[in-house]
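Open the model in your viewer and keep the selection box handy. We will go from stop to stop, picking out a few residues or elements each time.

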Amino acid sequence: MSPEPFVAMRGITKRFPGVLALDDVHLEVLPGEFHAICGENGAGKSTLMKVLSGVERPDGGSLLVDGRAMAFSGTRDAERAGIAIIHQELALVDTLPVMANVFLGRERRGPLGLLDDRSMARETAGLLETLECGVSPHAPTGSLRVGDQQLVEIAKALSLDARILVMDEPTSALTESESARLERVIAALKARGTTILFISHKMEEVFRMADRITVLRDGRSIRTLERKETSPREVTSLMVGREIEEAAKITPRRPTDEILAVEGLTLPWPGHARGYRLADISFSLRRGEVLGVAGLMGAGRTELLETIFAAGGPNWTGSIRLRGREVRFSHPAEAVRAGIAMVPEDRKRLGLFPDLDVGANVTLSALARALRGGLISRQAEDALAAGPLRATGVKTPGVHAAITGLSGGNQQKCVIGRWLLTDPAVLLLDDPTRGIDVGAKAELYGLIDRLCREGLGVILTSSELPELLTLADRIIVLAEGRLTASLSRDEADEQRILEAATAG
Amino acid sequence: MARERSGRWPIHWTGEWTLLVAILLVVAITAVVDGNHSYVDRPLESLRDIARNTALLGIFALGAAVVIIAGGIDLSLGSMIALSGTISATTMLALAPAEVMAFKPVGGLVVAAAIAASLLSGLAVGSLHAWLVTAVRLPPFIATLATLVGLRSLARALCESTTGAMTPTKSAIVNVADPFFKMIRDNVWIPVAVFAVLAVITWIMLTRTVLGRHLQALGGNEEAARLAGIRTENVKWFAYCFSATTAAVAGIFYVANESVAAPVNQGRGHELNAIAAAVVGGCSLTGGVGTVPGTVLGTIFLRVVIDAVSKIIKTGADVYEGLIVGVVVVIAVTFSQAGREAAAGRGLLPGGLGLCMVPILAVFIGGTVAMTTGGLAGLAMGLVTAAALAGIRLWQSRRGVGA
């Protein structure tokens, strides 16, 4: 006989204007288990967790905790029932110190009614210690790395005596070592009897940690599986509703002549102990080649791409040669004109224009091509947008649809499509598949491969090693701003890359 | 679940239609309620008043809107109006002191020089704003707050030193009696035509030019705009110059209208009316969103309401203008957000604050009615408001909304 579920959600339904976000969802979480929720973007995972944590009220269905029916009207109610959630976008006040965030809204007070900072700091320090987090309770939260900020959220949950911890894609912004630390923390929490509900795209970590897996698709709960009785392949196929081919092994490409050469690139970092963000980086890129850039968070991957694109600080030294000619751009506009394009790492913050429609997002950098008699012609612009939308395979209800209504993968294709209109010779892709679901990733891989075969030189960074190993012809590895390895496709494997990435 | 944005375009359209309907409704109500029947008996005169006021406000409301759409804010427009007016008047005084003092025509060339100097001052102030924002890296709010205070003072200093040098006595005003300015004052169609032409140009600029698209992109996501290869500093430069220049144009009209350049008071506080018109017309203060038709309708709505209230309660429009603008902005923006707020399940009068707002709103509304209509009516209105709000509050807590 199976134990009583700790949390039971029965027939949960949630409707937003125009969307049925959750449709008769069933979920049972057993006490002390690690339960993973898998599903593509838009499957309803986050909405379900919002219902569980009292952020959203369901339109139908029932929620039982310890067998008792609950109707949460806010996160406070959920916290009282022992449910704490760590959202994908962390909910911390950057300007406050760590301990103030841990006790936000539940501040301890001394005899005079003034804040009792000492007791809060002591308890925060204790909690952080159990979480292997070496930051001071007095440090401003905004100065912490994402991984540490997440641990602060977990400390907050622990201080609430949460019995169930809900984590919404916690590792999507973490480096490999931070993810490993989080896994250890989770294992320790589980040993203490905390129930974990974990949302993730990453099959590897799900299969390493989960006891059971529930798959959501299109707002419906498809199935709950025992980890031991299933396989990543089965789970992903349930997620997308069809079998996915393992990212097809890409046949060798034939790179031609050198297009970009970087020599002795150094980017200073004034006021930092290390003194540099990038030190003495040299590499070259050929047409028809994908150069992978591996490295942990803070290794300088983004800074490298930004320096080439003139989007970062101007104080770099060394040389960048494009088509054999030395270049030093002072603004991204010059880099674009010279034939360089960059897809930035944070799509929402740096890539998209939420108020412009799909077409306008695509044509933005090449609008001059849609001018007729000095004014933008609607027909010409639609025609201009149609090309890249087709080439990148964007699925959209129309050229004039809201860009925010598209899935992450389609949004990213729009950003790539924007650059296809500027006829680039070099395409810089900074972690282009972050936060994109499995099916769309495979499509993006295909797109990148095709563009490369058409003669583009591509530099690709990724926080996921398998992605680099699938796509890249060569991989350079950065560690703390230095280039520590340059590996050919045959030499590269996860072990070697990780060794180079952690080389001090 | 793109619910937060997906509803944008219908709201957009309904917003403009709603404004149009609201304008007609306000005019109709005024025509019926106004005891003097001025809309019915003297339609042309009323129309002329509203048209002049709308055109004057609308000219620089377009400037305010462009900066807001570009993600900035220009708080200095009122002071820019004063500076521009003063520059045109002092230019005439400097070039033709005898004629200005004798209230005689100064000649076409001098008028042209005065207008050119005004417009140039707009470009100069706009460039100053752009420099403060992009190079000195001040937030637009601070940069234009500084010039809001500074430019008016500068205008007054300019007025006093020019009058000190050119006339027997220093003065904080310069009278302007040139026939060109009189002609502008007496022909309402001139400011209206300038407003209409400017609106059409701005509309085409925003919807059909690369620059307009870049303005929207800049306001929607500045960093992404830079990474898309847009020279964001130049786009801002244009936006602030456009805004200051519209205020410079308006400054010339104010001088013409009042036959005087008076830097101490001319245009004072008008920047907020312009921002209000843009916001009522659908511009989002977070940038990236807004249209010219919306801004034009917002301006008309604001002026029509101000005119209606002054007609109905028969006091000078200026007494209640600020109150009206404030209330209109709150109501207009509340309505455009109503859908979102209801979805969030928040009531209008939540918690302790909601409880406190019942008597506070009752006193505000009752007091206003008491001052405009009479003590007894005010008392009654206050009580009715209190009862209605208390009812809403009770209904809310029954439904379990809020808290």
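Start by selecting E169(A) in this predicted model. Is the residue buried or exposed, or in between? E169(A) has 18 C-beta neighbours inside 10 Å, so it counts as partly exposed; 20 or more would be needed for a buried residue. Show the backbone here too: E169(A) has a positive phi of about 45°, although it is not a glycine. Most residues other than glycine have a negative phi. To place E169(A) in the fold, colour β7 (164–168) and α6 (176–191) of chain A, and you will find the residue in the loop between them.

Chain B offers a similar stop, so jump to H37(B), where phi is near 50°, again a positive value in a residue other than glycine. H37(B) sits in the loop that links α2 (8–33) to α3 (38–41) of chain B. With 13 C-beta neighbours inside 10 Å, H37(B) counts as partly exposed.

**A strand inside chain A**

Next, select β3 of chain A, residues 34–38. Five of its five residues are buried, so the strand is largely enclosed by the rest of the structure. Turn on the side chains: F34(A), A36(A) and C38(A) point one way, while H35(A) and I37(A) point the other way. In a regular strand, side chains alternate between the two faces of the sheet.

Which strands pair with β3(A)? Add β8 (residues 195–199) of chain A, which pairs with β3(A) in the parallel sense over four bridges. Within this pairing, look for A36(A) opposite F198(A). Then add β9 (residues 212–217) of chain A, which also runs parallel to β3(A) and is joined to it by four bridges. Here C38(A) has V215(A) as its bridge partner.

**The nonpolar cores**

Now select L428(A), V458(A), I59(B), A64(B) and A278(B). These are the residues with the most contacts inside the largest nonpolar core, which has 182 residues. Helix α13 (residues 232–258) of chain B gives the most to this core, supplying 15 residues. Apart from this core lies another, of 66 residues; L27(A), L52(A), L63(A) and M167(A) are among them.

For a closer look, centre on L428(A). Beyond its neighbours within four places in sequence, L428(A) is in contact with L305(A), I308(A), F309(A), I340(A), A341(A), M342(A), V343(A) and I459(A).

**Where the chains meet**

Show both chains and select their contacts: 32 residues of chain A are in contact with 26 residues of chain B. On the chain A side, β2 (19–29), α10 (332–337), α11 (347–351) and β18 (375–376) each supply at least two residues. Colour that side by residue class and you get 22 nonpolar, seven polar and three charged residues.

**Chain B as a whole**

Finally, hide chain A and zoom out on chain B, which has 18 helices and two strands. The radius of gyration of chain B is 23 Å, close to the 22 Å that the globule rule gives for 403 residues, so chain B is as compact as a globular protein of that length. Along the principal axes, its C-alpha atoms fill a box of roughly 75 × 60 × 35 Å. Buried residues make up 43% of the 403 residues in chain B. Of the contacts in chain B between residues at least 6 apart in sequence, 74% join residues at least 24 apart.

Note on methods. Residues are numbered from 1 along each chain as its sequence is written. Chains are lettered from A and ligands numbered from 1 in the order in which they are written. This is a predicted model: local features need pLDDT of at least 70, side-chain atom pairs count only at pLDDT 80 or more; totals for chains, interfaces and linings use all residues. Two residues are in contact if their C-beta atoms, placed from the backbone, lie within 7 Å. Ala, Val, Leu, Ile, Met, Phe, Trp, Tyr, Cys and Pro count as nonpolar, Asp, Glu, Lys and Arg as charged, and the others, Gly among them, as polar. A nonpolar core is a set of buried Ala, Val, Leu, Ile, Met, Phe, Trp, Tyr and Cys residues joined through C-beta atoms within 7 Å. A residue is buried if 20 or more other C-beta atoms lie within 10 Å of its own, exposed if 12 or fewer, and partly exposed in between; C-beta atoms are placed from the backbone. The radius of gyration is taken over C-alpha atoms; the globule rule is 2.2 Å times the number of residues to the power 0.38. Two strands pair if DSSP finds at least two bridges between them.
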